[in-house]
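Hi,

Here is the structure I promised to pass on. Have a look at it first, and then read my notes underneath.

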Amino acid sequence: MNKIMDLPVLYSLRNCPFAMRARIAIYKSQQAVLLRDLVLSDKPAEMLQASPKGTVPVVVTPNGTVIEESYELMLWALTQGDPDDLLFADNDEVLDVMLTLIYQFDSEFKRCLENYKCAKRYSESNIVECRQACETYIEQLERLLSQHSYLMADRESLADIALLPFIRQFARVERQWYLQSPYPNLRAWLNRYLQSKMFSKVMTKHPLWLDNREEVVFGG
């Protein structure tokens with residue numbers, strides 16, 4: 001029991017894309033954490049004490065360090081262990097390119113995606129314009145994926161797992177349009193992930209931690 005309690009604690013929300021990519025990085029790092037699933041309407045006092053901003057994901061390490069930005073959490077996880085070399089450890093230039101791409105999608109694409117989702121949800125007349133704003137970024141990924149199987153090379157990287165949850169959301173907004181859209185490489189890339197054992201593990205539904213405070217070990 002003491003060994004379990006010495007693990008880092010991850011506060012997570014199952015369908016939040018930021019929490020999703022944090023779980024993917026932890027899974028890929030092959031380290032174990034205590035996963036505490038929650039809903040935003042009922043946040044644990046322990047999480048709010050550690051991270052008053054009240055958003056997920058949040059990791060609290062055994063020494064009390066708090067990591068509360070998803071890209072920092074991904075980097076933290078993969079510096080603990082990176083058996084698939086998602087950080088391209090021997091090439092600092094690739095890491096810089098990946099971080100730039102992630103920042104672009106977090107700051108620009110995410111905003112366009114939220115507008116697109118809202119336009120669909122409320123049947124707004126500007127849905128095509130909202131979709132086209134997203135496509136500027138989708139076309140960029142399609143070009144990369146026409147050159148190799150993953151975004152950076154013929155093997156996956158930090159960039160792939162960081163963007164995956166947001167591309168999954170994009171694909172679900174107008175499903176029929178997406179299936180016929182001119183992005184075959186993107187569809188193949190996304191399907192490969194969605195059908196993987198990794199994605200099934202990352203998306204497993206666990207009891208909410210506040211319901212019984214039962215610790216769930218994730219990863220490892």
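Below is what turned up, sorted by topic.

One thing before the details: this is a predicted model, so please read everything here with that in mind.

**Helix packing**

I looked at three helix pairs. Two packed helices are described by the angle between their axes and the distance between the axes, and that is how I'll go through them.

Start with helix 2 (residues 17-29) and helix 4, whose axes cross at roughly 5° and come within 8 Å. With an angle under 35 degrees counting as roughly parallel, helix 2 and helix 4 are therefore roughly parallel to each other. On the helix 2 side, the contact is made by Phe 18, Arg 21, Ala 22, Ala 25, Ile 26, Lys 28 and Ser 29. They meet Ser 70, Tyr 71, Leu 73, Met 74, Ala 77 and Leu 78 in helix 4. By class, the residues in this contact of helix 2 with helix 4 are nine nonpolar, two polar and two charged.

Next up is helix 5 (residues 92-121) against helix 6, packed at about 145° with 8 Å between the axes. Their crossing is left-handed. The list of residues here is a long read, so I'll just pick some: helix 5 brings in, among them, Leu 101, Phe 105, Glu 108, Phe 109, Cys 112 and Lys 120, while helix 6 contributes residues including Ile 127, Cys 130, Arg 131, Cys 134, Tyr 137 and Leu 144. Sorted by class, the contact of helix 5 with helix 6 has 15 nonpolar, three polar and three charged residues.

Helix 6 (residues 127-147) also packs on helix 7 (residues 158-173), at an angle of about 125° and with the axes 12 Å apart. That angle makes helix 6 oblique to helix 7. The way helix 6 passes helix 7 is again a left-handed crossing. From helix 6 come Cys 134, Ile 138 and Leu 141, and they meet Leu 163, Ile 167 and Phe 170 of helix 7. What classes of residue make up this contact of helix 6 with helix 7? It has six nonpolar residues, with no polar and no charged ones.

**Cysteines**

How many disulfides does a search of the whole structure find? Zero. As a reminder, a disulfide is a covalent bond between the sulfur atoms of two cysteines. I checked two of the cysteines in turn. For Cys 118, the closest cysteine sulfur is in Cys 130, 8.6 Å away, which is too far for a bond. For Cys 130, the closest cysteine sulfur belongs to Cys 134, at 7.5 Å, also too far for a bond. The cut-off for a pair of sulfurs is within 2.5 Å. As for their surroundings, Cys 118 counts as partly exposed because its relative accessibility is 28%, whereas Cys 130, at 10%, counts as buried.

**Two buried residues**

Leu 73 sits in helix 4 (residues 70-80) and is buried, with a relative accessible area of 0%. Beyond its neighbours within four places in sequence, Leu 73 touches Leu 10, Ala 22, Ile 26, Pro 57, Val 58, Val 59 and Ile 67. Between the C-alpha atoms of Leu 73 and Val 97, which are 24 residues apart along the chain, the separation is 18 Å.

Ser 51 is in the loop between helix 3 and strand 3, and its relative accessible area is 0%, so Ser 51 is buried. Sequence neighbours within four places aside, its contacts are Val 58, Val 66 and Glu 68.

**Backbone oddities**

Most residues other than glycine have a negative phi, and most peptide bonds are trans. Here are some spots to check against that:

- Val 56 and Pro 57 are joined by a cis peptide bond, with omega about 5°. Pro 57 belongs to the loop between helix 3 (45-50) and strand 3 (58-60).
- Asp 85, not a glycine, has a positive phi of about 50°. Asp 85 is in the loop between helix 4 and helix 5 and counts as partly exposed at 23% relative accessibility.
- Arg 213 has a positive phi too, near 55°. Arg 213 is placed in the loop between helix 11 (209-212) and strand 5 (216-219), and is partly exposed with a relative accessible area of 41%.

Cheers

How values were computed
Residues numbered from 1 in each chain as written. Predicted model: local features only at pLDDT ≥ 70, side-chain atom pairs only at ≥ 80, totals over all residues. Heavy atoms only, no water. Axes fitted to C-alpha atoms, helices over the stretch in contact; angles between N-to-C directions. Helix = DSSP H or I, 4+ residues; strand = E, 2+ residues; numbered from the N terminus. Parallel < 35°, antiparallel > 145°, perpendicular 65-115°, else oblique. Left-handed = near helix turned anticlockwise from the far one by under 90°. Contact = heavy atoms within 4.5 Å. Nonpolar A, V, L, I, M, F, W, Y, C, P; charged D, E, K, R; others polar. Buried < 20%, exposed > 50% of the residue type's maximum accessible area, 1.4 Å probe, protein only.
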